[in-house]
Amino acid sequence: MKRIVRLTESDLARIVRRVIAEDATAAATNPWSILKNSPTPTNIAKVIYDSKGIFNDDETLVIAALSKIKDKTMWWQVNKELQKLTGGRGIVQYLNSFMVGDDYSEVRWNGTDAVDHLERIFGLDEYSDTEKYPFKDLKTDETFWQKFDLPRGIYHGT
């Protein structure tokens, strides 16, 4: 049996307000919206922290978060905020807990990968010594270091 429900103008207005409020709440907690609208070190750290899942990690979200880190100073600010969330683990240590191998050079977001953002943040050039950078301990595969070292004339291979 079908039931007819009559909506008054005030009922409709209440429903619309509730839907708008739900959308605003969802947007405020959506990591993509957070990165777009408020890329502060605290928010970037929270997005990186939340990108690690129980069954499925969101490496693309990590790349997007790295894209919002403007320079070395901001890197260290994000690192400090992430340490608060993880009990002392910084960016490198936290990423090592779920990103490995080619995740750094093969996972792409908006046409870029983690290597691109690390180069941009740390200003790597042909004279850079990658051993002095904080990301030297990332659990990467050979393609990560090849991308850094080939332009510098260093060949990795057999």
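Modeller: In this predicted model, a residue is called buried when its relative accessible area is under 20%, and exposed when that area is over 50%.

Colleague: Is Asp-113 buried or exposed?

Modeller: Asp-113 sits in the loop between α7 and α8. Its relative accessibility is 0%. The cut-off for burial is under 20%, so Asp-113 counts as buried.

Colleague: Which backbone nitrogen does a side-chain oxygen of Asp-113 reach at the start of α8?

Modeller: Two backbone nitrogens have to be considered for the side chain of Asp-113. That of Asp-116 lies 2.9 Å from a polar atom of this side chain. At the start of α8, a side-chain oxygen of Asp-113 comes within 3.0 Å of the backbone nitrogen of Val-115.

Colleague: What is the phi of Asn-110, and is the residue buried or exposed?

Modeller: Asn-110 belongs to the loop between α7 (103-106) and α8. Its phi is near 55°, a positive value in a residue other than glycine. With a relative accessible area of 65%, against a cut-off of over 50%, Asn-110 is therefore exposed.

Colleague: Which residue takes a positive phi just after α8?

Modeller: Helix α8 covers residues 114-122. Just after α8, a positive phi of about 60° is taken by Gly-123.

Colleague: How are the buried residues of α8 arranged around the helix axis?

Modeller: The buried residues of α8 are Ala-114, Val-115, His-117, Leu-118, Ile-121 and Phe-122. Seen down the axis of α8, these residues fall within an arc of 165°, so they line one face of the helix.

Colleague: Are α4 and α8 roughly parallel or roughly antiparallel?

Modeller: The axes of α4 and α8 come within 9 Å of each other and cross at roughly 15°. The contact is made by Ile-63, Leu-66 and Ser-67 of α4 with Ala-114, His-117, Arg-120 and Ile-121 of α8. The crossing is left-handed. An angle under 35 degrees counts as roughly parallel, so α4 and α8 are roughly parallel.

Colleague: Which residues of α3 are buried, and how many degrees does their arc span?

Modeller: In α3 (residues 41-50), the buried residues are Ile-44, Ala-45, Val-47 and Ile-48. They line one face of the helix, because, seen down the axis of α3, they fall within an arc of 160°.

Colleague: What covers the buried residues of α3?

Modeller: The residues in question are Ile-44, Ala-45, Val-47 and Ile-48. What covers them includes four helices from elsewhere in the chain: α2 (31-37), α4 (59-67), α5 (72-86) and α6 (91-96).

Colleague: How do α3 and α5 lie to each other, and what is the hand of their crossing?

Modeller: Helices α3 and α5 pack at an angle of about 55°, with their axes 8 Å apart. The contact is made on the α3 side by Pro-41, Thr-42, Ile-44, Ala-45, Lys-46, Ile-48 and Tyr-49, and on the α5 side by Met-74, Gln-77, Val-78, Glu-81, Leu-82, Leu-85 and Thr-86. At that angle α3 and α5 are therefore oblique to each other. Their crossing is right-handed.

Colleague: Is Trp-75 buried or exposed, and how many Å separate its C-alpha atom from that of Ala-45?

Modeller: Trp-75 is a residue of α5. Its relative accessible area is 2%, against a cut-off of under 20%, so Trp-75 is buried. Trp-75 and Ala-45 are 30 residues apart along the chain, and the separation of their C-alpha atoms is 9.8 Å.

Colleague: Is Lys-36 buried or exposed, and how many Å separate its C-alpha atom from that of Lys-68?

Modeller: Lys-36 is placed in helix α2. Its relative accessibility is 67%, and the cut-off is over 50%, so Lys-36 counts as exposed. Lys-68 is 32 residues away along the chain, and the two C-alpha atoms are separated by 8.7 Å.

Colleague: For the protein as a whole, how many helices and strands are there, and what percentage of residues is buried?

Modeller: The secondary structure comes to nine helices and zero strands. Among contacts between residues at least 6 apart in sequence, 65% join residues at least 24 apart. Of the 158 residues in the protein, the buried ones make up 34%.

Technical notes
Residues are numbered from 1 along each chain as its sequence is written. This is a predicted model: local features need pLDDT of at least 70, side-chain atom pairs count only at pLDDT 80 or more; totals for chains, interfaces and linings use all residues. Side-chain values use heavy atoms; hydrogens and water are left out. Buried means under 20% relative accessible area, exposed over 50%, partly exposed in between (1.4 Å probe, protein chains only). Helices (H or I, at least four residues) and strands (E, at least two) are DSSP runs, numbered from the N terminus. The arc is that of the directions from the helix axis to the C-beta atoms. Contact means heavy atoms within 4.5 Å. A polar contact is a pair of N or O atoms within 3.5 Å; within protein, one must be able to donate a hydrogen and the other to accept it, and residues adjacent in sequence count only if both atoms are side-chain atoms. Axes are lines fitted to C-alpha atoms, for helices over the stretch in contact, and angles run from 0 to 180 degrees between N-to-C directions. Angles under 35 degrees count as roughly parallel, over 145 as roughly antiparallel, 65 to 115 as roughly perpendicular and the rest as oblique. A crossing is left-handed if the near helix is turned anticlockwise from the far one by less than a right angle, and right-handed if clockwise.
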